[in-house]
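Trainee: I would like to learn how to read a predicted protein model. Could you walk me through one, feature by feature?

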Amino acid sequence: MLTGRSPSTRSDDRVRPDVAVVGAGPIGLAIAWRCAARGLRVEVHDPASGSGASAVAAGMLSPVAEAYFGERQLTGLLLASAARWPAFAAELTEATGAEFGYRTEGTLMVGLTGDDLAEARRLWAYQQGLGLPVTPLRPTELRDREPALAPRVRGGALAPTDHQVDPRLLVPALRTAARRSGAVLVPQPVRHLSEVDARITVVAAGCGAAALTGLPVRPVKGQVLRLRAPDGVAPGFRHVIRGYADGEQVYLVPRVDGEVVLGATVEERSDTTVTAGAVLRLLRAGVDLLPELAEYDLVEAVAGLRPGTPDNAPILGPLPGRPDVLAATGHHRHGIVLTPVTADLIADLVTTGVPDPLLAPFRPDRFSSNSPESTGAVGVGGLAGSGAVGVGDRTMEED
């Protein structure tokens, strides 16, 4: 258990940190902020903070629209984290004075054709069966909310509690909050955990966590486009749009500065090459749903890597047999929405040594054949680790 700043020193006469966080994306920075705010000495290791997942992600906070068949435990974690986002956003604004694009207009889920709508309705029925707020809407009701939607759209639904934030603004705000709380950023890669000298090490390195820890985290490629409304005006729609268009699933996220994020492919690949076919498919589906996008400027096409896991859920907690190394990785599509709950749960574990029950389904040892049945107390202490990675690798935490 860590309860305050330690006076212990390292061989170079500098004070040894209580916590070393490997990875300075939203997850790592939020953990560092929470730990530093509790009086712990914190270092964050990353050679290029903000150049990875957050530079690619769209920033949807979508616990309802992202509730998929067979992922009930993950859905519960998404809902718990989304419920923390209003207070988290308010606290971050108070700590930094920064604007990071937090918006609460909600999300419209739509189907372009009859087949698209039938497929979407299967998922909406499942979501409603979980008690989630999903309100079906007729085509006229959709266009009352968003007149820019194509007349061809056959129907849809509203998820009013699915919000958004801009990750490219969120990361600098979190970096500022962490620094103001006393965290120190070390702009160097970590290739082996033995290079890190701290009482507790938190691995929040996205896809890079696999080499550092041996955990089953794999890259899942996603290609994303950014468009901009003409003349610098705001986009002609306010809600996040998640749609099926002739079998292609896409999302469109409007920003107040005129930007629209259009994505994303899901590919079991580890390259970050942008392909003409993916650009064509995304643009065709986006314009089919919102015809005015054909007049927007195409300003960026980029690919990133989501840190996926065998069950699509994050890996949170101590490594088996290494209680002083905590994982906070494998968030796949959900890194941005899961930032508040991940930061709180890991900071609580660091300071109390006892895991919150919310962590139980997401422990690292769930992938081992001798996974324990109990979620008993976890002590935290010295240094352990293996693997090799530079933590500046581009990973895509959240579509």
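Mentor: Gladly! Let's begin with a definition: two strands pair if DSSP finds at least two bridges between them. Keep in mind as we go that this is a predicted model.

Trainee: Then let me try one pair. How many bridges join strand 11 to strand 12, and in which sense do they run?

Mentor: Strand 11 and strand 12 are joined by five bridges and run antiparallel. One example to find on screen is Gly243, whose bridge partner in strand 12 is Val250. These two strands also make a hairpin, with two residues between them. In that turn, look for Asp246, which has a positive phi of about 50°.

Trainee: Which strand does strand 12 pair with over four bridges?

Mentor: That is strand 13, residues 259–263, and this pairing is antiparallel. Here Leu252 stands opposite Leu262 of strand 13. Strand 12 and strand 13 form a hairpin as well, with four residues between the strands. Gly258 in this hairpin has a positive phi near 100°.

Trainee: How much of strand 12 is buried?

Mentor: Five of the seven residues of strand 12 are buried, so the strand is mostly covered; the cut-off for "buried" is under 20% relative accessible area.

Trainee: Now I want to step back to the whole sheet. In what order do its eight strands lie?

Mentor: Reading across this open sheet, the order is 5-6-4-11-12-13-10-14, and the pairing is mixed. At the edges stand strand 5 (135–137) and strand 14 (297–308). Each has a single partner strand, so one side of each has no neighbour in the sheet. Neighbouring strands here are turned by 20° against each other on average, direction ignored. At one edge, strand 5 pairs with strand 6 (residues 155–159) through three bridges in the antiparallel sense. Look there for Leu137, which stands opposite Gly156 in strand 6.

Trainee: And where do the side chains of a strand point?

Mentor: As a general idea, side chains in a regular strand alternate between the two faces of the sheet.

Trainee: What about the sheet of six strands: which strands are at its edges?

Mentor: This open sheet has the order 8-2-1-9-16-15, with mixed pairing. Its edge strands are strand 8 (184–186) and strand 15 (315–319), and each pairs on one side only.

Trainee: Do strand 9 and strand 16 run parallel or antiparallel?

Mentor: Strand 9 (residues 200–203) and strand 16 (residues 322–329) run parallel, joined by three bridges. Thr201 stands opposite Val325 of strand 16, and Val203 stands opposite Ala327. Ala327 is also the bridge partner of Gly317. That second link belongs to the pairing of strand 15 and strand 16, which is antiparallel and has five bridges. Strand 15 and strand 16 form a hairpin with two residues between them, and Gly321 in the turn has a positive phi of about 75°. As for burial, seven of the eight residues of strand 16 are buried.

Trainee: How do I read empty space in a model?

Mentor: The general idea is that rolling a probe the size of a water molecule over the atoms shows where empty space is left. In this model, the largest pocket holds about 540 Å³ of space. It is lined by 30 residues, and the closest to its centre are Tyr68, Arg242, Tyr244, Gln249 and Val250.

Trainee: Which element gives the largest share of that lining?

Mentor: Helix 3 does, with five residues. Among the other elements that give two or more residues are strand 11 (240–245) and strand 12 (248–254), the pair we began with. By type, the lining divides into 14 nonpolar, six polar and 10 charged residues.

Trainee: One last feature: how many disulfides are there?

Mentor: The count is zero. While you are looking at cysteines, check Cys35, which is buried at 0% relative accessibility, and Cys207, which is buried with a relative accessible area of 15%.

How values were computed: Residues numbered from 1 in each chain as written. Predicted model: local features only at pLDDT ≥ 70, side-chain atom pairs only at ≥ 80, totals over all residues. Heavy atoms only, no water. 1 Å grid on protein atoms, 1.4 Å probe; cavity = no way out; pocket = protein on both sides within 12 Å on 5 of 7 lines; lining within 4 Å. Points joined across faces, edges and corners; volume = space filled by probe spheres on them. Nonpolar A, V, L, I, M, F, W, Y, C, P; charged D, E, K, R; others polar. Disulfide = S-S within 2.5 Å. Buried < 20%, exposed > 50% of the residue type's maximum accessible area, 1.4 Å probe, protein only. Axes fitted to C-alpha atoms, helices over the stretch in contact; angles between N-to-C directions.
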